[in-house]
There are 2 protein chains.
Amino acid sequence: MASLAVSPDDVRAAAQRIAGAIEHTPCVESRTLSRLTGARVFLKFENLQFTASFKERGALNKLLSLSADERRRGVIAMSAGNHAQAVAYHAARLGIPAVIVMPKGSPNTKVKNTQVHGAEVVLEGDSLHESGRHAAERAKRDNLVFVHPYEDPLVIAGQGTAGLELMAAVPDLEALVVPIGGGGLISGIAVAAKSINPKIRIYGAESKTYPSMYQRLNGLPVECGGDTIAEGIAVKDAGDIAFSIVRELVEEVLVVKEETIERAVVALLEIEKTVAEGAGAAALAALLEYPERFAGKRVGLPISGGNIDSRVLASVLMRGLVRDARLVRLRVTVPDISGSLAKVAALIAQGGGNIVEVQHQRVFGTASVKSTEIEFLIETRDRDHTDRLLRSLQDNGIKVAAF
Amino acid sequence: MASLAVSPDDVRAAAQRIAGAIEHTPCVESRTLSRLTGARVFLKFENLQFTASFKERGALNKLLSLSADERRRGVIAMSAGNHAQAVAYHAARLGIPAVIVMPKGSPNTKVKNTQVHGAEVVLEGDSLHESGRHAAERAKRDNLVFVHPYEDPLVIAGQGTAGLELMAAVPDLEALVVPIGGGGLISGIAVAAKSINPKIRIYGAESKTYPSMYQRLNGLPVECGGDTIAEGIAVKDAGDIAFSIVRELVEEVLVVKEETIERAVVALLEIEKTVAEGAGAAALAALLEYPERFAGKRVGLPISGGNIDSRVLASVLMRGLVRDARLVRLRVTVPDISGSLAKVAALIAQGGGNIVEVQHQRVFGTASVKSTEIEFLIETRDRDHTDRLLRSLQDNGIKVAAF
């Protein structure tokens, strides 16, 4: 470990430097998630940082390490997400001018949430890569310090302070699961945790659309892409520093499906009453998708961020209901005579289903001209309840199909 | 205060009795909500109790006060909500048989969340009133102890323990705002807080659809009803014990609009990353609707519960976006020639709007047969951005209206 670019002392120095200006976020056992996963699950709520992610730790450690001259000149960062808010917020707090470069077409919420802290937001480049090039050019031109989101030992050391807090809160943890984007968080946490308990096992969580660290570790060509709800870890170029630390200290990188990430977001919302973004729920997703790795073990994981668009969150919630068959569409074919709708609606109510939407389909339906199709959106308790409801309609002579 | 049915000593005894079996929930200042309301806002997260509401405090204090014989016989409660889960959970934990009576047609989530703790759920009665009568009959028939949600000094004393914790966390609070349903929480908290600081001002928050305590205090006929997202405080018969305490110790009951409660739910989700149900957000709603009462003051408020249906939460989020003009429907009239849609879509993209949905309306539109109407659902940063986007379309000769 002596040869790694970030040492346990670096992380401890970061912890001292940022103390008081960063939330010491709660770390709590979730009894319900423990029951669901078979592990003993301890959550660290990094989504309760002021800008709602762990990124403040690394950004602040970097900013506090600048010389007076560098502070005066200002900083620049490239990010469409949490790193942008973290740099903008702490730079403003410390009186350091900050420029944030984001790709054109970045979600409006992200732009707004960065501007609100007083940073200058520049929309430049059609991809993170192009934005990065623009930021590097401007850093050179204007003599600004570039604050990289992960390829910087000071940033990694800052992220590692979350690991120190986790180990202090639950000293007998047997495993940690940490989301991987660029790799800053997991490498910082791994350095910190392994220095306290060399036997602890560290697992990474990557989304199936962006498994770049997994691919590099396994000597595969890096092939990433596709839509993901976990845009915070949708990073194609995992950091070299992070890679060298992960290779040494991390047990395994677990690649999780998009659907599992959505399930994890919903579980955190419904069970823990907390808002996680996709990337922030990725570690829990790994636990849900690979429970055998963690059965019976004490597992710590950061909810690393909570910045999810309200519209996206609303969709995820609705999709969760559909996935669990708690929200189901039924197509009912009935004779086109008055009273048909009333009869079906009454049967659904008797069966304990809540009718959310009704649509009468006359023109486009495939049924005979003498019959009509009615589409219902129904809310039920669970899949069993849905099945019972369907059977009870069929038992009453109703032609019905879920679709 | 000596004459009140619940004394500060009762609350302190309750705190001792329930200690260790109830979460000592965090109490945190919200800098962003302070900025938005002009007060200094301290939130107590009672939504982080295991069953996600303060109701456990009162229920457990009652259960722990039962004789061995009463425990053996079991308890019964009537509730479609948080009290049901609280009684079910702690009764099961203590090995006390529990029956919960809910009105027929109670939301499926509520039924499921109560059954999961092992209680017998009985769906009986078409209203809370009828369910209550059934529960009373069954209590008599089966010799069960009736655990009332608020009309019981032991329950009120239990709820008051949240007030002790609030005052310990922020000793120099100047005001408290507490949601009122039956009045158990506010009367318990008022007894506790006033015994520590007699000068503290206690405010209640009721929804406009169920302002029963407000009406009783002001000698008005009690007229309640209508749909509300705050079903946890949709109580027509405020408790007599609570009423006598509120009359003595509460400054004023603030009646809040439905829309403000929705805004408060969204604010807690987007800013605090926490899930509050309507009733749980009512105190914040009062702060948002009556900011002049609290300007510059240190105000504590419980987020009293977090049990909101996912489907309802999804709707509230979407309605919030519409209210803030961050989600807007545009109706555009264009010549019915190829390329029209492309042109408008390009202009919207240039203006920074995200197109969420598009619908081509040919048959039902009011426009000429030679033109066509296209409806867009657009996401923007805020109202200003929406206005700018509309103007830029108009400046490009597009006939457009928000609707």
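**View 1: H6(B) gives three residues, the largest share, to the lining of the largest cavity.** Before you zoom in: this is a predicted model, where local features need pLDDT of at least 70 and side-chain atom pairs count only at pLDDT 80 or more, while totals for chains, interfaces and linings use all residues. Residues are numbered from 1 along each chain as its sequence is written, chains are lettered from A and ligands numbered from 1 in the order in which they are written, and side-chain values use heavy atoms, leaving out hydrogens and water. A cavity is a set of points, on a 1 Å grid over the protein atoms alone, where a 1.4 Å probe fits but cannot get out; lining residues have an atom within 4 Å of a point. There are two cavities of 30 Å³ or more here, and the largest holds about 80 Å³ of space. A volume is the space filled by probe spheres set on the points, which are joined across faces, edges and corners. Chain A lends Leu321(A), Arg326(A), Glu379(A), Thr380(A) and Arg381(A) to the lining, and chain B adds Asn108(B), Thr109(B), Lys112(B), Asp309(B), Ser310(B) and Arg311(B). Helix H6 (108–115) and helix H14 (310–323) of chain B are the elements that give two or more residues. Helices (H or I, at least four residues) and strands (E, at least two) are DSSP runs, numbered from the N terminus. Sorted by class, this lining has one nonpolar, four polar and six charged residues. Nonpolar covers Ala, Val, Leu, Ile, Met, Phe, Trp, Tyr, Cys and Pro, charged covers Asp, Glu, Lys and Arg, and the others, Gly among them, are polar.

**View 2: The second largest cavity has about 30 Å³ of space.** Val275(A), Gly306(A), Ile308(A), Ser310(A) and Leu313(A) line this cavity along with Leu269(B), Glu270(B) and Lys273(B). H14 of chain A and helix H12 (258–270) of chain B each supply at least two of these residues. The lining splits into four nonpolar, two polar and two charged.

**View 3: Chain A meets chain B through 36 residues from A and 37 from B.** Contact means heavy atoms within 4.5 Å. The two chains bury about 3100 Å² between them, 53% of it on carbon and sulfur atoms. On the chain A side, Asn108(A), Lys273(A) and Arg311(A) lose the most area to chain B, together 24% of what that side buries. Buried area is the accessible area (1.4 Å probe) that two parts lose on being put together, summed over both.

**View 4: Arg311(A) and Glu379(B) join side chains in a salt bridge (3.1 Å, N to O).** The rule finds two salt bridges across this interface, each a side-chain nitrogen of Lys or Arg within 4 Å of a carboxyl oxygen of Asp or Glu.

**View 5: The side of chain A that touches chain B takes its largest share, seven residues, from H14(A).** The residues on that side divide into 14 nonpolar, 11 polar and 11 charged.

**View 6: The second largest pocket has a volume of about 620 Å³.** A pocket is an open set of grid points with protein on both sides within 12 Å along at least five of seven lines. Which residues lie nearest its centre? Of the 20 lining residues, they are Met318(B), Leu327(B), Val356(B), Glu357(B) and Leu377(B). H14(B) gives the most to the lining, with six residues. The lining residues divide into 10 nonpolar, three polar and seven charged.
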